[in-house]
Structure formats: structure tokens, C-alpha cells
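Got the viewer open? Here is a short route through the model, one selection at a time.

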Amino acid sequence: MNNFIFENATKVLFGKGCVKEYLCCLIKGCGDTVMLAYGGGSIKKNGVYDEVVSILKKAGKNIVEFSGIMANPTYAKVLEGAKLARESQAGLILGVGGGSVMDCCKAVSIAARYDGDVWEDFWARPGIFDFEPLPLGVIVTVAGTGSECNGGAVITNEELKIKTGRDYPRCNPRFALLDPTYTYSVPKFQMVSGSFDILSHIMEIYFSGPDEDNVSDDIAEALMRNVIRNLRAAIRNPEDYTARSNLMWDATMAENRIIKLGKRTDFQCHQMEHQLGAYTDCNHGAGLAVLHPTYYRHIYKDGLAKFKRFATEVWDISSDRKTDEETARAGIDELERFIREIGLPATLQELGIHGDVDLKAVADSCAVVPGSYRKLTQEEIFEIFKECF
Ligand code: NZQ
Ligand code: ZN
């Protein structure tokens with residue numbers, strides 16, 4: 001294992017009824033005004049908004065609403081939120097939603113307390129904190145990104161056509177409330193794409209060195225099997241509490257830094273999906289589903305033993321009478337079969353991306369990361385995009 005330091009500042013409160021039970025205690029001492037941040041309105045339809053507002057009112061808080069946070073949140077939306085937070089003198093941001101709401105709120109928590117150019121100083125390059133970001137608490141309504149338990153915030157700069165993330169421990173939410181019943185109303189496509197995002201996060205960590213015996217890889221395999229099993233159960237019955245609970249905690253476990261410990265991590269596929277998102281505004285988990293199998297067919301020979309292990313340990317594929325390469329490829333084929341089984345797109349066309357998108361420009365704008373089994377070239381990234389058509 002590589003050396004590591006582990007810290008996670010987020011307090012997690014998990015389970016049915018946790019918002020009703022704990023929210024009022026968690027917002028004590030955070031000033032008189034809470035900025036309630038949410039997306040396009042799903043929380044108004046499923047009753048979560050009414051529940052949260054009544055708790056805030058009972059606690060005597062003034063509520064300032066910051067709504068309309070879009071999927072793939074933009075930098076312009078971050079600046080709008082920061083202005084509102086300053087003007088209202090909010091003492092706490094309460095983000096209620098999925099990764100887009102949580103990420104936008106993290107960026108707002110910086111922008112509300114920083115006078116310089118937030119994009120240039122915190123997203124274009126790593127930022128320096130000589131101030132405290134505005135405190136943030138989150139209530140998660142869809143399982144997927146794991147943003148609730150890290151400092152990561154992925155923001156799209158529409159003008160520059162760049163979608164990029166930074167992970168600042170200072171931006172870890174102070175608390176995260178996770179009630180699996182809040183996710184019952186998530187539409188099937190979003191549930192499946194969020195779940196594939198979980199699987200992708202785990203794979204992006206698992207397929208990187210060092211590969212000698214280590215606990216992070218063993219936990220990763222258990223998590224991948226758990227996601228696959230429980231996603232199938234949640235598709236059969238969207239109100240299966242056990243399945244929704246497992247998916248919700250899988251999402252957090254994938255991105256709370258625990259399985260990254262001792263690992264280099266890859267995230268090349270995420271870099272490619274983020275730029276695809278910057279150019280097309282595609283759904284994050286669905287974009288990953290299109291790219292992953294093709295990406296892995298490009299690199300599996302460079303990490304052959306690990307891809308073989310993935311096939312046997314995650315997909316239960318027998319390695320009898322097969323070469324290592326055949327077993328490894330069978331694992332990637334099974335991943336692709338699963339993508340189709342759960343109803344995600346497997347090609348760019350199925351994702352809704354057609355010939356009018358300049359894939360060369362998308363490929364050239366992708367960052368190349370050092371952590372993978374093999375460092376890709378910009379040309380190879382373009383090849384991967386073309387093969388995904
Ligand atoms: O906007 P509303 O109306 O709330 O509807 C949302 C949205 O349309 C809906 N939804 C959420 N909870 C619901 C619900 N609908 C019904 N019932 C509920 N309980 O779901 C839709 C998608 O929400 P969104 O937050 O966009 O999804 P997700 O959680 O997948 O977040 C995606 C964003 O997070 C970034 C992605 O790139 C993308 O921008 N990521 C953030 C990461 C991080 N911070 O660590 C890591 C990830 O790799 C990822 O890049
Ligand atoms: Zn992701």
C-alpha cells in the first residue's frame with residue numbers, strides 16, 4: 001500500500017426518519033438564516049421540501065431559497081448562489097438533492113467568502129484557503145456521486161467548455177443526512193445512472209496500482225458485488241428499503257476516500273465523461289456507461305492480472321480453459337452486458353450524441369491522468385470516442 005493520511009470531517013446520519021430526528025439539532029449555532037438550496041423541484045413533489053421547511057421554521061430560522069440548480073451545475077449558477085448567500089447573510093447552506101446540488105453548494109460556500117476569481121483560483125488550478133468557506137450541510141435525495149462525504153465539486157464553465165472537479169477537504173459538508181426512503185421517487189433512469197456512477201467510482205480506484213494484497217481492493221470488490229445485486233433488487237421493487245439503503249451507503253463508501261487509501265486511482269474515464277458533458281450536457285452516469293467498456297478494452301492488457309481478477313471475483317466468471325486475456329475480456333463483456341440489462345446506453349448514439357458533436361475537440365480538451373495502468377494519448381482518447389459511436 002502507498003502511504004496515506006485519512007481524515008473525513010463529515011458527520012453522517014443515516015436511515016429512515018433521520019431528517020425529522022436530527023436536522024433541528026444539526027442547524028443549531030449556524031446563525032439565523034439558512035440558505036435552502038435545491039434543484040428543479042423534485043423535492044416539492046415528493047414531500048421532502050415541506051418536511052425540511054417545517055423543521056427549519058420550527059427552529060426559528062429565516063429561510064432564503066436558492067432553487068433551480070441544474071444537472072451539471074454551471075459556474076454562472078455558483079455565482080448566483082454566492083451573491084444570494086452574501087446578500088442574505090446566510091450562516092448555513094442546506095443543500096437538498098443529488099450531486100449537482102451538493103457540488104454547486106460547495107462551490108457557493110467558497111465563492112460566498114472569497115473576493116477573487118473563484119474559477120481561476122479554485123477550479124482552473126488548486127486553490128489556497130486563507131478563509132473558512134460558508135458552512136454546508138446536505139440532505140441526499142439520490143444515490144450516486146458520493147459528494148455528501150467528500151470535498152469534491154464538479155462545475156461546468158459553459159463559456160470555456162470545461163467541466164472539472166476539485167476535492168477540497170475544507171468543502172466537506174459538516175453533516176450529511178441520508179434517508180434511503182427519500183430516494184424512492186427517483187425515476188428509474190436516474191437511479192440506474194446514479195448506480196452506474198457508483199460502480200464507476202469503484203472501478204476507477206480498483207483499476208490502478210499498487211496491486212499487491214491490500215484491503216482497499218478487497219472492500220472494492222465487496223462494494224461492486226453489492227451495487228450489482230442491490231441495483232437489480234431496486235429495479236424489481238423501487239421501494240425495497242434494503243436495496244435503497246445499500247445503494248445509498250455504497251455511493252458514500254465509494255467516494256468517502258476509504259477505498260482510495262493506499263491506491264493511486266485512475267479516473268481517466270471520468271475525465272473523458274466530464275468533457276463529453278461540457279460539450280453535450282449529457283447525463284453523468286450514462287456517459288460513463290458508454291465509455292467504460294471501450295476504455296477498458298484499450299488498457300486491459302496493461303493491467304491483465306487485475307482485469308482477470310475483476311472477471312472472476314466480481315462477475316463470477318470461471319477462468320477454466322481460458323487464457324488470462326480471454327478471462328479478462330469476458331469480465332469487460334459482462335460489464336457491457338450489465339449496462340444493457342439495466343437499461344443504460346452503450347453507444348454515444350444511444351446517449352443522444354450524433355455526428356454534429358466535434359469529438360476531436362472533446363478529446364483534445366480531456367485531461368490525461370497519470371494514475372491509470374497506461375497513460376493515454378490525446379489521439380487514443382479520440383479513438384475511444386469514435387469507437388463508442
Ligand atoms: O433537479 P431535481 O428536480 O431535484 O431532479 C433531480 C435531477 O433531475 C433528480 N432527483 C434527485 N433526487 C430525486 C430526483 N427526482 C425524484 N426524486 C428524488 N428523490 O435527479 C436528477 C439528477 O440529479 P443530479 O444531482 O444531477 O444527479 P447526480 O447525483 O448524478 O449528480 C451529477 C453531478 O455530480 C457530478 C457529475 O459530474 C454531475 O455534475 N459528480 C460529482 C462528484 C463529486 N462531487 O464527488 C463525483 C462524480 O463523479 C460526478 O462527476
Ligand atoms: Zn462519477
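Start with ligand 1. Domain 1 (11-183) and domain 2 (189-388) both contribute residues to the shell around it, so the ligand lies between the two. Keep in mind as you click around that this is a predicted model.

**Stop 1: the ligand shell.** Stay on ligand 1 and bring up what surrounds it: 36 residues, with Gly 39, Gly 40, Gly 98, Gly 99 and Gly 152 the closest. Now colour by element. Those that supply two or more residues to this shell are α2 (42-45), α5 (99-111), β6 (152-157), α7 (188-206) and α11 (284-299). Which element gives the most? That is α5, with four residues. Switch to colouring by residue class and the shell around ligand 1 splits into 25 polar residues, eight nonpolar and three charged.

**Stop 2: the two domains.** Colour 11-183 and 189-388 separately, since the chain is divided into domain 1 and domain 2 at those bounds. Put a centre on each, using C-alpha atoms, and the two sit 27 Å apart. Across the boundary, 21 residues of domain 1 are in contact with 26 residues of domain 2. On the domain 1 side, β1 (11-14), β6 and β7 (162-167) each put in at least two of the touching residues. Of the elements there, β7 gives the most, with three residues. That side of domain 1 divides into nine nonpolar, nine polar and three charged residues.

**Stop 3: helix α7.** Select 188-206, one of the elements you met in the ligand shell. Is this helix mostly enclosed or mostly open? 17 of the 19 residues of α7 are buried, so the rest of the structure largely encloses it. Try a distance between the end C-alpha atoms of α7: they are 27 Å apart, which agrees with the 27 Å that 19 residues should span at 1.5 Å a residue.

**Stop 4: helix α10.** Next, select 268-280. The 13 residues of α10 reach 18 Å from first C-alpha to last, close to the 18 Å expected at 1.5 Å a residue. Eleven of those 13 are buried, so α10 too is largely enclosed by the rest of the structure. Among the buried ones are Cys 269, His 270, Met 272, Glu 273, His 274 and Leu 276. What do they pack against? The buried residues of α10 meet β6, β7, α7, α11, α14 (359-364) and α15 (378-387). Just past the end of the helix, look at Asp 281, which takes a positive phi of about 60°.

**Stop 5: Ile 235.** Jump to helix α8 (residues 215-236), where Ile 235 is found. Buried or partly exposed? Ile 235 has 17 C-beta neighbours inside 10 Å, so it counts as partly exposed. Leaving out residues up to four places away in sequence, Ile 235 touches Lys 188 and Ile 342. Val 192 is 43 residues away along the chain from Ile 235, yet their C-alpha atoms are separated by 8.2 Å.

**Last stop: zoom out.** Show the whole chain as a cartoon, and its secondary structure comes to 15 helices and eight strands. The C-alpha trace spans about 70 × 45 × 40 Å along its principal axes. A compact globule of 389 residues would have a radius of gyration near 21 Å, and the chain's 21 Å agrees with that. Of those 389 residues, 49% count as buried. Finally, draw the contacts between residues at least 6 apart in sequence: 78% of them join residues at least 24 apart.

Notes. Residues numbered from 1 in each chain as written. Chains lettered and ligands numbered in written order. Predicted model: local features only at pLDDT ≥ 70, side-chain atom pairs only at ≥ 80, totals over all residues. Near = placed C-beta within 6 Å. Nonpolar A, V, L, I, M, F, W, Y, C, P; charged D, E, K, R; others polar. Domains from an automatic or database assignment. Expected span 1.5 Å × (residues − 1). Buried ≥ 20, exposed ≤ 12 C-beta atoms within 10 Å, placed from the backbone. Contact = placed C-beta atoms within 7 Å. Rg over C-alpha atoms; globule rule 2.2 N^0.38 Å.
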